[in-house]
Structures are given as structure tokens and as C-alpha cells.
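Trainee: Could you take me through this structure step by step, with the reasoning behind each answer?

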Amino acid sequence: MASEELAKKLQSRLAATQEAEPRAEPRAEPGPQEAEAASSSSAELSAVLTRRQDINDGNAASRPTRVFNPYTEFKEFSRKQIKDMEAMFKRYDTGRDGFIDLMELKLMMEKLGAPQTHLGLKNMIKEVDEDFDGKLSYREFLLIFRRAAAGELQEESGLMALARLSEINVSTEGVMGAKDFFEAKVQALSLGSKFEAEIQEEKEERKRQEVDKKQRQAAFKQLQSAFCS
């Protein structure tokens with residue numbers, strides 16, 4: 001009898017508990033746009049995770065990069081001139097990021113004695129900014145001197161002032177005064193032999209330095225042995 005009453009009480013409490021629990025409302029089915037957005041996000045996340053896994057595994061394909069050789073692309077200039085341009089570029093690339101930005105260009109023009117307004121600096125970059133990133137790469141910096149050599153810059157432009165006031169003298173090569181770029185290219189062909197001669201001269205200079213170094217080492221050893229004997 002007691003067990004029957006206990007069973008009834010337990011059943012009564014269980015029924016009361018089930019009635020007190022909130023019933024879960026049925027979820028609405030996602031619409032076509034929501035389903036498409038969820039699918040797109042899932043695909044993007046999957047692509048990111050796959051790319052990251054490939055990088056970690058060393059299987060990621062390298063992104064294509066453009067190989068830039070100033071000596072072959074800017075044949076109208078000698079090796080010395082290109083090296084001088086590179087040295088000048090690096091001197092004003094104070095951020096050491098391979099670019100001359102607006103503030104670095106501002107400092108350069110002030111150092112050259114031809115300060116420019118903010119708008120003038122932006123226009124200078126815009127004239128040779130092929131990739132529209134708002135700053136000068138080394139190649140774009142060389143384009144300034146190419147355009148100056150071809151007579152393509154306005155006399156009063158900031159870029160012309162940069163080319164004229166820099167310590168890089170391209171007029172001695174007979175290119176700065178060229179009225180037409182194609183004429184400058186024809187003149188550049190005659191520089192091929194001079195280009196090779198400069199390379200040979202550099203090699204000879206390195207050989208002379210090596211000989212001098214060996215002679216100094218030999219003289220030092222002789223002097224050392226004389227003191228030790």
C-alpha cells in the first residue's frame with residue numbers, strides 16, 4: 001500500500017516537472033539568401049584553413065614575382081650611373097622598406113634644395129607611380145631619370161628638379177639632352193661595349209686588391225719571422 005502511494009507521488013512530481021519545463025520553439029528554416037551567405041562563409045573559411053595548412057606543410061605554391069634587373073631594363077645608363085641611382089635611392093629610403101614614400105620624398109627634395117608643397121610631392125609620385133601605391137619603388141625612381149633623359153619632363157616640374165639637382169650626371173653620356181626616347185635608345189646601343197668594359201675593369205680592380213692583400217700578408221709574415229728569430 002505504501003509502495004503504491006509512493007509510486008503515485010513520484011508520477012505526480014514527474015508530470016509537474018515536465019509541465020514546468022519551457023517547450024522549445026521550432027526553428028525556422030533559413031531562407032535562400034541566408035543559406036547562400038552561410039555557404040560562402042564556410043567556403044572562405046575552408047580556403048583559408050587549407051592555405052594555412054599548405055604553408056605549414058611547405059606545399060604552398062609561391063606567388064609569381066617580377067624579376068627586375070636595372071642593368072638590362074635601363075641600358076641607356078652605365079653601370080656606374082645605375083649604382084649611383086641605387087645609392088641615392090637607399091640613402092633616402094630611411095624606412096628600409098624598398099620604397100620612398102611621401103615624407104621621404106619631402107626630405108629628399110629639401111636636401112636637394114628644392115622643397116615642394118604637399119600637393120607637389122603627390123604629383124611627383126603620380127607621374128611615375130605605375131602601380132598606384134602612392135610611393136616610389138626603385139624601378140619607378142629610375143624612370144624619373146629615364147624620362148628626364150628622354151626630354152619627357154616639364155622644365156619646372158618637381159621630377160625635373162630632382163633629376164637636375166641630384167649628384168647623378170647623365171648628361172655626360174649624351175642621353176640627357178635627347179629629344180626623343182627612341183633616339184636615346186639608339187644611343188644606348190653604343191654603350192654595350194662600354195658596359196662590358198666596366199665589368200672587366202671591376203674584375204681587374206678586385207684582382208689588384210687581392211694581389212695587394214697577399215703581398216701585405218707576406219710582408220707581415222716576414223716581419224714576424226724576423227722578430228721571432
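Mentor: What follows is a set of questions and answers on the fold, the core, the helix packing and some single residues.

Mentor: This is a predicted model, in which local features need pLDDT of at least 70, side-chain atom pairs count only at pLDDT 80 or more, and totals for chains, interfaces and linings use all residues. Residues are numbered from 1 along each chain as its sequence is written, and side-chain values use heavy atoms, with hydrogens and water left out.

Trainee: What pattern do the helices and strands of the protein chain follow along the sequence?

Mentor: Helices (H or I, at least four residues) and strands (E, at least two) are DSSP runs, numbered from the N terminus. The protein chain has ten helices and two strands. Read in order, the pattern is α-α-α-α-β-α-α-β-α-α-α-α.

Trainee: How much of the protein chain is buried?

Mentor: A residue is called buried under 20% relative accessible area, exposed over 50%, and partly exposed in between, using a 1.4 Å probe and protein chains only. Of the 229 residues in the protein chain, the buried share is 26%.

Trainee: Which element gives the largest share of the largest nonpolar core?

Mentor: A nonpolar core is a set of buried Ala, Val, Leu, Ile, Met, Phe, Trp, Tyr and Cys residues joined through side-chain atoms within 4.5 Å. The largest one has 34 residues, and those touching the most other members are Met 88, Leu 105, Met 108, Met 109, Phe 141, Phe 145 and Leu 162. Two or more residues come from each of α4 (79-92), α5, α6 (118-128), α7 (138-149) and α8. The largest share, eight residues, is given by α7.

Trainee: Are α7 and α8 roughly parallel or roughly perpendicular to each other?

Mentor: Axes are lines fitted to C-alpha atoms, for helices over the stretch in contact, and angles run from 0 to 180 degrees between N-to-C directions. Angles under 35 degrees count as roughly parallel, over 145 as roughly antiparallel, 65 to 115 as roughly perpendicular and the rest as oblique. The axes of α7 and α8 come within 9 Å and cross at roughly 90°. The two helices are therefore roughly perpendicular.

Trainee: How do α5 and α8 lie relative to each other?

Mentor: Helix α5 (residues 102-111) and helix α8 (residues 158-165) have axes 10 Å apart and pack at an angle of about 55°. Their contact (heavy atoms within 4.5 Å) is made by Leu 105, Met 108 and Met 109 of α5 with Gly 158, Ala 161 and Leu 162 of α8. From the angle, α5 and α8 are therefore oblique.

Trainee: Is Ser 137 buried or exposed?

Mentor: Ser 137 belongs to strand β2 (residues 136-137). Not counting residues up to four places away in sequence, Ser 137 touches Phe 89, Gly 98 and Phe 99. With a relative accessible area of 15%, Ser 137 is buried.

Trainee: Where is Arg 96 found, and is Arg 96 buried or exposed?

Mentor: Most residues other than glycine have a negative phi. Arg 96, although not a glycine, has a positive phi of about 55°. Arg 96 is found in the loop between α4 and β1 (99-100). Because its relative accessibility is 62%, Arg 96 counts as exposed.
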